[in-house]
Amino acid sequence: MIRVVYADGPAAPRTSPRAALAAAGLAGTPQVLLGFTVEPHSWLDDPELTGSTVIAGYALAPAVADGRITPRPVRLSAMPNHLAEHPADVAVVSAVPRGTGWAFHGSVGWGDAAALTAARVVIEADPRGIDL
């Protein structure tokens, strides 16, 4: 299993776990860690999707109800330490262009900690996003 961590929040990445693995140059079976997921992405309905979440509501409710996503008792304030102790193989974050680089898009949540601790980072660019 390849651990794929998604930055959370209203502007959370929409890229599927399999597409994120491909973008990171990896092949295998993704296991996701999700947070606040508002949008009902089509990949959340994949019967092979497995993983965990620290916020079990909203778009994750069906996957939690059928047992594909397991709620974890991790406080949001503890996520940076949790990610440092259990780094992801791939972090997926949303970003907007800023100068010659990137800035987190929307609600950063713990996306920065995921990006800093993961072995690889996939940036889902939103060129029309608002740079906060």
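A residue is called buried when its relative accessible area is under 20%, exposed when that area is over 50%, and partly exposed in between. The exercises below apply this to a predicted model.

**Exercise 1. Decide whether W102 is buried, partly exposed or exposed, and find which surface patch includes this residue.**

Solution. Begin by locating the residue: W102 is found in strand β6, which covers residues 101–104. Next, take its relative accessible area, which is 47%; because this value lies between 20% and 50%, W102 counts as partly exposed. Finally, look at its partners on the surface, where W102, V121 and I123 make a nonpolar patch of about 280 Å². When reading this region, keep in mind that confidence in the chain is lowest in β6, at a mean pLDDT of 88, whereas helix α1 (residues 17–23) has the highest, at 98. The chain as a whole averages a pLDDT of 92.

**Exercise 2. Describe the salt bridge between E124 and R14, and state how each residue is placed relative to the surface.**

Solution. First comes the distance: the closest N and O atoms of E124 and R14 are 3.4 Å apart. The pair links distant parts of the chain, since E124 lies in strand β7 and R14 in the loop between β1 and α1, 110 residues apart. The last step is accessibility: E124 is buried because its relative accessible area is 10%, while R14, at 41%, counts as partly exposed.

**Exercise 3. How many salt bridges are counted, and which residues form the ones not yet described?**

Solution. The count comes to three salt bridges. One of them joins R18 and E48, whose closest N and O atoms are 3.4 Å apart; this pair also links distant parts of the chain, with R18 in helix α1 and E48 in the loop between β2 and β3, 30 residues apart. R18 is partly exposed at 41%, whereas E48 counts as exposed at 54%. Another salt bridge brings together the side chains of D66 and R68, at 3.0 Å from N to O. Here D66 counts as partly exposed at 47%, but R68 counts as buried at 12%.

**Exercise 4. Work out where D126 is found and what surrounds this residue.**

Solution. Along the chain, D126 is found in the segment after β7 (120–125). D126 is buried because its relative accessible area is 17%. Leaving out residues up to four places away in sequence, D126 touches A95, V96, P97 and H105. With H105 there is also a polar contact, made between the two side chains at 3.4 Å.

How values were computed. Residues are numbered from 1 along each chain as its sequence is written. This is a predicted model: local features need pLDDT of at least 70, side-chain atom pairs count only at pLDDT 80 or more; totals for chains, interfaces and linings use all residues. Side-chain values use heavy atoms; hydrogens and water are left out. Helices (H or I, at least four residues) and strands (E, at least two) are DSSP runs, numbered from the N terminus. Buried means under 20% relative accessible area, exposed over 50%, partly exposed in between (1.4 Å probe, protein chains only). A polar contact is a pair of N or O atoms within 3.5 Å; within protein, one must be able to donate a hydrogen and the other to accept it, and residues adjacent in sequence count only if both atoms are side-chain atoms. Contact means heavy atoms within 4.5 Å. Patches are made of residues with over 30% relative accessible area and no salt bridge: like charges are joined within 9 Å, nonpolar side chains (Val, Leu, Ile, Met, Phe, Trp, Tyr) within 5 Å. Accessible areas come from the Shrake-Rupley method with a 1.4 Å probe; for residues, only the protein chains shown count as cover. A salt bridge is a side-chain nitrogen of Lys or Arg within 4 Å of a carboxyl oxygen of Asp or Glu. pLDDT is the predictor's confidence in each residue, from 0 to 100.
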